[in-house]
Every structure is written in C-alpha cells, then in structure tokens.
Amino acid sequence: MIRIAIVDDHAIVRTGLRQFLSEQVDLRVTGEAGSGREALDLVRAGELDVMLMDLSLPDQSGVETLAAIKARKPELPVLILSGFPETHYATTLLRQGASGYLNKECDPEEIATAIRTVFRGRKYITPAVAELLAEGLGASPDQAPHDTLSERELQVFLRLARGETVGHIADGMSLSVKTVSTYRSRVLEKLALSTNSELTYYALKNGLIE
C-alpha cells in the first residue's frame, strides 16, 4: 500500500483527490495539508511514501516548500500537481528535486500512474516536460532567464516579487540581510532588471506568482 499525503490549500481539491485515490486498491491517503508549514509537519510525522503537492500555498511558495522538504527528507518523492502550465515551472522543479510535474488538467488516471512511478524511485516525465528538457539540452540560448537562477536565488526572487522586504526574507530563510541583498543583486543582474517592482512584473508576466 502506497501512503500518500495531499497538499493543496483548497479543501474541495483535497476531497476530490482523496475520493479518487481511495478507489485505487494500492493507494491510501494518510495525510492532508493546506499550507507549506502543515506539509512539513506531515513530513516530520513520517506516515507517507509520496507527497502530492500544489505550488500555490498561502504561507510560502511550493518552490520553497519543496526545498524545505528535500532538506529534511531528501528520499521522499514529491509529485507536483499544479494549475501552472509545464512551461512555467516543470524543469526548474525537477532540477530542485521534484519527482514529477503534472498539470491539474491531466486525466486522474495519470495522477495514479505518476504516484506509482515516483514511489518506485523513478521520475515521472510527461511528453510535454520531456520536450522541455530536450529543448533545454540543445537550445540553451532560448532558456528563460529565471531558469538560470539557483535554488536560493529563485526563493529570494519569488519572495521579493511578492513584496517581502530583504529583512523579512532574511528572517524567514535564516540568512543575514547582507546575504539576501547579495542574492537580490544576482537575481536583478541575471534577469536584467533594476527594481523590485520590475521583479514583480516579471514574475506575474511569466506566471510565477498569482
């Protein structure tokens, strides 16, 4: 029996997923969470084999939550189920440890297949994501600027884009203000931007924040 935790801030989505997964003889939902903090509590409890997680969470981004989960339990498969198209996040999240990426418009049966795949220790790559990965190998000049950011740079970028101050980010990430300021400078340089307002516009334009 594969134990699954569902992380989504919409109760109706969690209910629908739980109902569908309960119909599968080899799958069992053992936990639910509506925020990144609650997701980490489930990881600490340890009663799960696969985490099925949305990207849009109320307290922190799915990117940040994924990083925190991988820091605590690197072997846990995390399958991303997002409303964002694959082009926005898939390759970045796979590089940062996600075991797979599915769009919420996919067939429910594909979710079950993906869960079984990542439980066996393999990545679940859809044809669309496979194409993106192939393009990334052979066509780096067309790579989106934000795809060049490191994990830490991406975290700082998304927090700045949502309007957080450098001081608040430093507290939240347990870093010094100087270190966060350095990350901010790198992000601005890599994205060829000048201000936090431009970072927010970039993130909205590219579907990285809502």
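The paragraphs below walk through several helix contacts, a loop residue and an aromatic pair in a predicted model.

Two packed helices are described by the angle between their axes and the distance between the axes. Toward the start of the chain, helix 1 (residues 11-22) packs against helix 5 (residues 108-119), with an angle of about 70 degrees and axes 11 Å apart. Since angles from 65 to 115 degrees count as roughly perpendicular, this makes helix 1 roughly perpendicular to helix 5. On the side of helix 1 the contact is made by L17, F20 and L21, while helix 5 contributes P108, E109, I111, A112 and I115. By residue class, this contact of helix 1 with helix 5 consists of seven nonpolar residues and one charged residue, with no polar ones.

Further along the chain comes helix 7 (residues 151-161), which is mostly covered, nine of its 11 residues being buried. Among the buried residues are the nonpolar L154, V156, L158 and L160, but E153 and R159 also belong to the buried set. Just after helix 7, G163 adopts a positive phi of about 100 degrees.

Helix 7 also carries one half of the aromatic pair, of which the structure holds one. Its partners are F157 and Y202, arranged edge-to-face with 5.9 Å from centre to centre and 65 degrees between the planes. Because F157 lies in helix 7 and Y202 in helix 10 (residues 196-205), the pair ties together parts that are 45 residues apart in sequence. Both F157 and Y202 are buried.

A second helix packing involves helix 8 (residues 166-173) and helix 9 (residues 177-191), whose axes are 9 Å apart and meet at an angle of about 110 degrees. Helix 8 and helix 9 are therefore roughly perpendicular to each other, and helix 8 passes helix 9 in a right-handed crossing. In this contact, V166, G167, I169 and A170 of helix 8 meet V177, V180, S181 and R184 of helix 9. The residues of the contact of helix 8 with helix 9 divide into five nonpolar, two polar and one charged.

The loop between helix 8 and helix 9 contains L175, which counts as partly exposed because its relative accessibility is 22%, whereas the limit for buried is under 20%. When neighbours within four places in sequence are left aside, L175 is in contact with R152, A170, V180 and Y183. Of these, A170 and V180 also appear in the contact between helix 8 and helix 9.

Key. Residues numbered from 1 in each chain as written. Predicted model: local features only at pLDDT ≥ 70, side-chain atom pairs only at ≥ 80, totals over all residues. Heavy atoms only, no water. Axes fitted to C-alpha atoms, helices over the stretch in contact; angles between N-to-C directions. Helix = DSSP H or I, 4+ residues; strand = E, 2+ residues; numbered from the N terminus. Parallel < 35°, antiparallel > 145°, perpendicular 65-115°, else oblique. Left-handed = near helix turned anticlockwise from the far one by under 90°. Contact = heavy atoms within 4.5 Å. Buried < 20%, exposed > 50% of the residue type's maximum accessible area, 1.4 Å probe, protein only. Phe/Tyr/Trp six-rings, centres within 6.5 Å; stacked < 30°, edge-to-face > 60°.
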